[in-house]
Amino acid sequence: MNICVLIKQVPGSEAQFNVSGDGSWIQETELPFEMNESDNYALEEALQIREQKGAGEVVIVSLGPDRSQKVIREALAKGADRAIHINADAPYNTDPYSIASTLANAVKDERFDLVLSGLQSEDLGFGQTGVILGEMLGMTTATLVVGTEVQEGKIKVKRELEAGWFQWQTMDLPASLAIQSGLNTPRYPSLKGIMTAKKKEIKKLNFVDICNVDELQSFAGLSVQHTEKQTEMIEGNIDQIVNRLVDVFKNEIRIN
Amino acid sequence: MDILVVLEDKNGRIHRMSLEAIAGAQQIGSECGLSIGILAFGKNASALGEQAKHYDVEEVLTLENEHLNDYTADGYADAVANVITSENPALVFFGHTYQIRDYAPRVSAKLKRPFLNDVVSYKNESGKPVFSKQAFNAKLIAELNPNSAGPILVSFQSASFSSDTIQSGSASLRSISIEIDASAIKTVPEDPFQEAAGGVDLSSAELIVSIGRGIGKEENIPLVQELANVMGAEIASSRPVVDSGWLPAHHQVGSSGQTVAPKLYLALGISGAIQHVVGMKGSKNIIVINKDPDAPLFELADYGVVGDVLEIIPKLTEALQ
């Protein structure tokens, strides 16, 4: 079972952002970067599937600038076997279609049974790349995956539906699965893992060399979300507060 | 038609977020001079079509096919791509539901047309609609610039438009058919199930009472349950409540839980970490009650109360009874 895991390096969730001068990206200096949260779960799922099956490779594929090496090494330290780093410099392509197409070009000579990705990136948040890549590679696809069971030539996955509902589906391999956070407990790299990661292969490609389609869409005019909300602070003693809340419920929000 | 709204079936009714997409199509259509069609497909296509024909749109297409009775990403992507190709609308609208997230990217790839997804707002630039989505953990907003000819696919985040604004009318019905290659469907779904008894429908809930660490302890949950009962509200929570085992995980709202956009989000003892905020900031009315006046969630509040939730909850329950 050969498994590809798409890993992206994104700004940490606590980061505060400033938009770059032309509004096309953020100012990156001094931002903390880390592995996209759901990608970390996808990696763990890949490592666990490989451990159950006892054979095959886990290959990290990451697209991003030089700084992405940090999360690639982290994934190798956790147990992935090798990596492909597609180097891309600013200004960054934000189009899921051309990114997926570039990833497809990068892995076209590999024979992956599974592609695992995080459900969506915390920076762009499209949640499309893994699905489009699957379509391009002729794979079955599933998103919001919260459980996997590998079978002979197939994989059974548990998908999260809306509102607390779930569904199992059995899919032909090869398959591309977008993994929901929380389905496993991601491991930490061991000291031995960190040492051996340094010797693992990272194949380097350049985005501009292998991207052969035009962007279907791009970001324009990034801006800070302003909360223009006027907050009415309800004050007084407990009865006054409760009376005003009931009034707001009935007469302003109009709940029945 | 210029805009095609693709419906999602929710047990024989039009999904709430598909209704919002219809409302969006009507607003954008009237401001930009675009005509609207609606596609109802799957095993309940005719029921959905009957519901949709009472809206003010040009026509409603219904598509039934034995291979579309159960949802599969392969089958649905194939069918919708097929209809889009033959109808050739400039814009295709969806609600940004879990099902759409699952198959619409494949439609985009099949058609080589952009999918502007999770759109939260729209503006009319001299007759041309411009769409925006949130980015960077919902801290920034980005305009999405399509670089290709139509059809352009667009999905709207919950509550980007209100289904209350849907205009009634009388649309013509047209039944369409397509060929689906059954051998290309390589997914076999089983029946959906609920993980735990009393699983909550947070994504479509009108009213949500949500609790955070400020609720203090598990023994206080019944107080909140009583309030939710008299309001007819669902109970949600921030992550610490789930991590502490006070509520099951499916109640969690936020980046690792559900995204909600109810008419009222009553936040009790929730400080407002960004991981929680991303899941609820689309709520139409937000009331925050917290004893910490510096709780960041007050920034998002329409109404705020600095006070003890444990004192206010029972009084509020009593007053609403």
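Colleague: What makes strand E9 of chain A and strand E12 of chain B a pair?

Modeller: Two strands pair if DSSP finds at least two bridges between them. Strand E9 (residues 165-172) of chain A and strand E12 (residues 187-189) of chain B have 3 bridges, in the antiparallel sense, so the definition is met. One of the residues concerned is Thr170(A), whose bridge partner in E12(B) is Val188(B). Strands themselves are DSSP runs of type E with at least two residues, while helices are runs of H or I with at least four; both are numbered from the N terminus.

Colleague: On what kind of model do these statements rest?

Modeller: This is a predicted model, in which local features need pLDDT of at least 70 and side-chain atom pairs count only at pLDDT 80 or more, whereas totals for chains, interfaces and linings use all residues. Residues are numbered from 1 along each chain as its sequence is written, chains are lettered from A and ligands numbered from 1 in the order in which they are written, and side-chain values use heavy atoms, with hydrogens and water left out.

Colleague: How many residues of each chain take part in the contact?

Modeller: Contact means heavy atoms within 4.5 Å. By that rule, chain B supplies 81 residues and chain A supplies 75 residues. On the side of chain B, the residues divide into 40 nonpolar, 19 polar and 22 charged. Here Ala, Val, Leu, Ile, Met, Phe, Trp, Tyr, Cys and Pro count as nonpolar, Asp, Glu, Lys and Arg as charged, and the others, Gly among them, as polar.

Colleague: What area is buried between chain B and chain A?

Modeller: Buried area is the accessible area (1.4 Å probe) that two parts lose on being put together, summed over both. For these two chains the value is about 7100 Å², of which carbon and sulfur atoms give 56%. In chain B, the residues that lose the most area to chain A are Tyr98(B), Phe136(B) and Tyr303(B), together 11% of what that side buries.

Colleague: Why is the meeting of Lys156(A) and Glu190(B) called a salt bridge?

Modeller: The term requires a side-chain nitrogen of Lys or Arg within 4 Å of a carboxyl oxygen of Asp or Glu. The side chains of Lys156(A) and Glu190(B) have an N to O distance of 3.4 Å, so the pair qualifies. Across the interface the rule finds 5 salt bridges, and over all chains it finds 24.

Colleague: What makes Arg187(A) and Glu44(A) a salt bridge, and which parts of the chain do they link?

Modeller: Their closest N and O atoms are 2.9 Å apart, so the same cut-off is satisfied. The pair links distant parts of the chain: Arg187(A) lies in the loop between E10 and helix H5 (191-197) of chain A, Glu44(A) lies in helix H1 (residues 37-53) of chain A, and they are 143 residues apart.

Colleague: How do you know whether the size of chain B agrees with a compact globule?

Modeller: The radius of gyration is taken over C-alpha atoms, and the globule rule is 2.2 Å times the number of residues to the power 0.38. With 321 residues, the rule gives a radius near 20 Å; chain B has 21 Å, which agrees. The C-alpha trace of chain B spans about 60 × 45 × 35 Å along its principal axes, and the chain holds 8 helices and 18 strands.

Colleague: Why does strand E13 of chain A have one side without a neighbour in the sheet?

Modeller: The open sheet of 6 strands has the order E13(A)-E18(B)-E17(B)-E16(B)-E14(B)-E15(B), with parallel pairing. Strand E13 (232-233) of chain A and strand E15 (234-237) of chain B stand at the edges, each with a single partner strand, so one side of each is left without a neighbour.
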